[in-house]
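This report describes the fold, the nonpolar core, one pocket and a few individual residues of the protein shown below.

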Amino acid sequence: MLPLIEQLHGYLSDLDRHLPPPSVGVESLRQPHTTFMTARVDGLPLACGAAVDHGEYVELKYMYVLPACRGMGLGKQMLEALEQQVLSAGGKTVKLETGPAQTESIELYERAGYRRCRPFGDYRASASSIFMEKSL
């Protein structure tokens, strides 16, 4: 699980050298309000994503597919699985923050019905962030 998160941070650092990769510990992913999923083939994790319940909305985080596995639909499947988890837990709104250089992610979210929105939670407006939401 953590190797995927570490690769995600490296990928994000390469896209935007102004942002240091955030530090994520296993304990932050094991909180009661957090769902963390991985997609595996023969036990090898190829994709991951998390959903953090903030009460009024659920935030998607740590969405990542290994570069060699992109184009196989894993991102779409991960997104759908997380949305299904949100729905089954009673959630109605999903929000996320991504960067403008993550064009593949933005396209995935737009195809899935996400629309741009204002900053939420502790986020502030920034040229390095795009905020999106979807009503389930």
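In this predicted model, Pro100 lies in the loop that links E4 to H4. Pro100 counts as partly exposed, because its relative accessibility is 41%. Beyond its neighbours within four places in sequence, Pro100 is in contact with Ile106, Ala127, Ser128, Ser129 and Ile130. One of these partners, Ala127, is 27 residues away from Pro100 in sequence, and the two C-alpha atoms are 8.1 Å apart in space.

**Overall architecture**

The secondary structure consists of four helices and six strands. Read from the N terminus, the order of these elements is α-α-β-β-β-α-β-α-β-β. The protein has 136 residues, of which 40% count as buried. Among contacts with a separation of 6 or more, 54% join residues 24 or more positions apart. The accessible surface amounts to about 8000 Å², and carbon and sulfur atoms account for 51% of this area.

**The nonpolar core**

In soluble globular proteins, nonpolar side chains tend to be buried together. Here the largest nonpolar core contains 29 residues, and those with the most contacts inside it are Leu60, Leu74, Met78, Leu79, Leu82, Tyr109 and Tyr114. Two or more core residues come from each of strand E1 (34-41), strand E2 (44-53), strand E3 (58-65), helix H3 (74-88), strand E4 (93-98), helix H4 (103-111) and strand E6 (130-135). E3 provides the largest share of this core, with six residues.

Which residues does Leu60 touch, leaving aside its neighbours within four places in sequence? Leu60 is in contact with Ala50, Ala51, Leu79, Leu82, Val94, Lys95, Leu96 and Tyr114. Among these partners of Leu60 are Leu79, Leu82 and Tyr114, which also appear in the list of residues with the most contacts inside the core.

**The second largest pocket**

The second largest pocket holds about 410 Å³ of space. It is lined by 20 residues, and the closest to its centre are Val65, Arg70, Gly75, Glu104 and Leu108. Helix H1 (2-15), E3, H3 and H4 each give two or more residues to this lining. H4 contributes the most, with six residues. By class, the lining of this pocket comprises ten nonpolar, five polar and five charged residues.

**Two residues with positive phi**

Two non-glycine residues with positive phi are set out below.

| Residue | Phi | Place | Relative accessibility |
|---|---|---|---|
| Asp42 | about 50° | loop between E1 and E2 | 81% |
| Tyr62 | about 60° | strand E3 | 19% |

Is Asp42 buried or exposed? Asp42 counts as exposed, because its relative accessibility of 81% is over the 50% cut-off. Tyr62, by contrast, counts as buried, because its value of 19% falls under the limit of 20%. Asp42 is placed in a loop, whereas Tyr62 belongs to a strand. That strand, E3, is also the element that gives six residues to the largest nonpolar core and that contributes two or more residues to the lining of the second largest pocket.

Note on methods. Residues numbered from 1 in each chain as written. Predicted model: local features only at pLDDT ≥ 70, side-chain atom pairs only at ≥ 80, totals over all residues. Heavy atoms only, no water. Core = buried A, V, L, I, M, F, W, Y, C linked by side-chain atoms within 4.5 Å. Buried < 20%, exposed > 50% of the residue type's maximum accessible area, 1.4 Å probe, protein only. Contact = heavy atoms within 4.5 Å. Areas by Shrake-Rupley, 256 points an atom, 1.4 Å probe, with all protein chains shown as cover. 1 Å grid on protein atoms, 1.4 Å probe; cavity = no way out; pocket = protein on both sides within 12 Å on 5 of 7 lines; lining within 4 Å. Points joined across faces, edges and corners; volume = space filled by probe spheres on them. Nonpolar A, V, L, I, M, F, W, Y, C, P; charged D, E, K, R; others polar.
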